[in-house]
Amino acid sequence: MAKYVAAVDQGTTSTRCIIFDRKGRIVGVDQKEHEQIYPKPGWVEHDPMEIWERTQEVIRGAIANGGIDPKDIAAVGVTNQRETTVVWNRHTGEPYYNAIVWQDTRTDKICDALAADGGQDRFRPKTGLPLATYFSGPKIMWLLENVPGLREAAEKGDAIFGNIDTWLIWNLTGGPDGGAHVTDVSNASRTMLMNLETLDWDDEILSIMGIPRAMLPRIVPSSDPNTWGTTKKDGPFGAEIPVCGDLGDQQAALVGQACFDVGEAKNTYGTGCFLLLNTGTRPVQSQYGLLTTLAYKFGDAPAVYALEGSIAITGALVQWLRDNLQFFEKSAQVEECARSVPDNGGIYFVPAFSGLFAPYWRSDARGVIVGLTRYINKGHICRAALEATAYQTRDVFEAMVKDSGVQLKALKVDGGMVYNELLMQFQADMLNVPVVRPVVAETTSLGAAYAAGLAVGFWKDLDDLRANWQEDKRWEPQMDEATRERLYRGWLKAVERTFGWVE
């Protein structure tokens, strides 16, 4: 009888494979970073072949590190950085161009042109998304317009598109030799090409964007008993294992946090920050700058929707302090640096490096540090950088309460930054609700494992998954109301200073 489920977690800066047991505990793990490619200001790319190489390496590493027999793995789930766009040749497996990353802003002119007829919310009623450089559809348009010969190849059916989940599943299940060309509803909902009601590609939007339907993967449930294929004996798993779970990383974290009831929410602190609220089996259209997205679909059960607040730069700001300014050697040292001062010294750091995402959606914004005086030192900048994550989360949190009418009683948190105690306390203070970290904070990988495990009966039902969730630590609000509101007013003033920088 199978003992484990494997999750491949392909993120913005690194790839992980984590193998879980039935209780959701980690039994094997490996992780490797990949190169960030910046050809021009605002452009961000990854090498899809490097990502596939890293994926194979970490799969082998996790199996070796856990001392695991691949025959004991019941199923494989995939989770991924969403919106990052790859187009490759279905016969050779060669990408036509680097992957264009979700943070990339090169499609701003394309988005402006699309918005000229119908405005920024032109496609929102169908897709739940505003026109923004974030999403895959405009990235595909850019590739079709700028890569020689690609449009002809796409119209012939030779060139196929996928977000990173599709790219990895295709390769894991055989690649040019019969690999499955699929994506789940959660990833499809991030392309700006899928209709939220039909859960299928929207022909009208495809026609407006000039994207051949033949390029697109088949849309499948996030957890699918009709497995899409198996890994290959000569592949990185070294055995034939069903591949049957697929979730975009933020939806995977929602599943990993067992947020299966309407009104349950989680926030993931990674490269960016993503707050998701389960809204049940009907899409809720946002009036306050949030995204309406697919949370998950398990087998034949109805699809579940979510409201999402997407923040582009949180953990990436700490990396920027580390790599570009060389404030410290390891990201974890930001907390020590921030604790060297009692407060932010009156400064705010708005990291609009790729414009502002939710709830503002301003691609014309760029990063600012405001309130600088001679008193300010490295510690204040580090503290302001951490506080920016909490302030941005509050922006989204307020919009979510207005849109949903649900007053959140606590916030479940996960991701790398949740071990930063200073940040977590400030987050509780800013939201004025408890912030709760689970025992297994790798909830993105866990959610992908859950999706795959449910498909093959490794876990029986959602109650099995709820039973695995355990609280590790809770932060209660400690700040008085007057201080909280004074600090937040300063933040809102700083955000306004970022608007209209790019003309």
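A cavity is a set of grid points where a 1.4 Å probe fits but cannot get out. The structure examined here is a predicted model. A search of the whole structure finds two cavities of 30 Å³ or more.

The second largest cavity holds about 60 Å³ of space. Its lining includes Lys23, Gly24 and Gly256. Pro438, Val439, Val440, Thr443, Leu446 and Tyr450 also line this cavity, as do Asn468, Trp469 and Gln470. Helix α14, residues 443-455, gives the largest share of this lining, three residues. By class, the lining of the second largest cavity has six nonpolar, five polar and one charged residues.

The largest cavity holds about 90 Å³ of space. Its lining is made up of 16 residues. Ile311, Leu356, Phe357, Ala358 and Gln392 lie nearest the centre of this cavity. The elements that give two or more residues to the lining are β18 (304-311), α12 (378-404) and α16 (481-496). Twelve residues of the lining of the largest cavity are nonpolar, three are polar and one is charged.

Helices α12 and α16 also pack against each other. Their axes come within 11 Å and cross at roughly 90°. Helix α12 is therefore roughly perpendicular to α16. On the α12 side, the contact is formed by Ala388, Tyr391, Gln392, Arg394, Asp395 and Glu398. These residues meet Arg484, Glu485, Leu487, Tyr488, Trp491 and Leu492 in α16. By class, the contact of α12 with α16 has six nonpolar, one polar and five charged residues. Gln392 of α12 takes part in this contact, and Gln392 is also one of the residues nearest the centre of the largest cavity.

A second helix pair is α1 (residues 48-66) and α6 (residues 164-172). The two pack at an angle of about 60°, with their axes 11 Å apart. Helices α1 and α6 are therefore oblique to each other. The crossing of α1 past α6 is right-handed. Helix α1 contributes Pro48, Met49, Ile51, Trp52, Thr55 and Ile59 to the contact. Helix α6 contributes Ile164, Trp167, Leu168, Asn171 and Leu172. The contact of α1 with α6 has nine nonpolar, two polar and no charged residues.

Pockets were examined as well. The largest pocket holds about 1000 Å³ of space. Its lining consists of 39 residues. Tyr269, Gly270, Thr271, Gly415 and Gly416 lie nearest the centre of this pocket. Several elements each supply at least two residues of the lining, among them the strands β2 (14-20), β3 (26-33) and β15 (265-269). The helices α9 (249-256), α10 (315-323), α11 (334-338) and α14 each do so too. The largest share, five residues, comes from α10. By class, the lining of the largest pocket has eleven nonpolar, 18 polar and ten charged residues. Helix α14 thus appears in two linings: that of the largest pocket and that of the second largest cavity.

The second largest pocket holds about 630 Å³ of space. It is lined by 24 residues. Those nearest the centre of this pocket are Tyr38, Gln103, Ala316, Trp320 and Phe353. Helix α10 again gives the largest share of the lining, five residues. The lining of the second largest pocket divides into eight nonpolar, eleven polar and five charged residues.

Methods: Residues numbered from 1 in each chain as written. Predicted model: local features only at pLDDT ≥ 70, side-chain atom pairs only at ≥ 80, totals over all residues. Heavy atoms only, no water. Axes fitted to C-alpha atoms, helices over the stretch in contact; angles between N-to-C directions. Helix = DSSP H or I, 4+ residues; strand = E, 2+ residues; numbered from the N terminus. Parallel < 35°, antiparallel > 145°, perpendicular 65-115°, else oblique. Left-handed = near helix turned anticlockwise from the far one by under 90°. Contact = heavy atoms within 4.5 Å. Nonpolar A, V, L, I, M, F, W, Y, C, P; charged D, E, K, R; others polar. 1 Å grid on protein atoms, 1.4 Å probe; cavity = no way out; pocket = protein on both sides within 12 Å on 5 of 7 lines; lining within 4 Å. Points joined across faces, edges and corners; volume = space filled by probe spheres on them.
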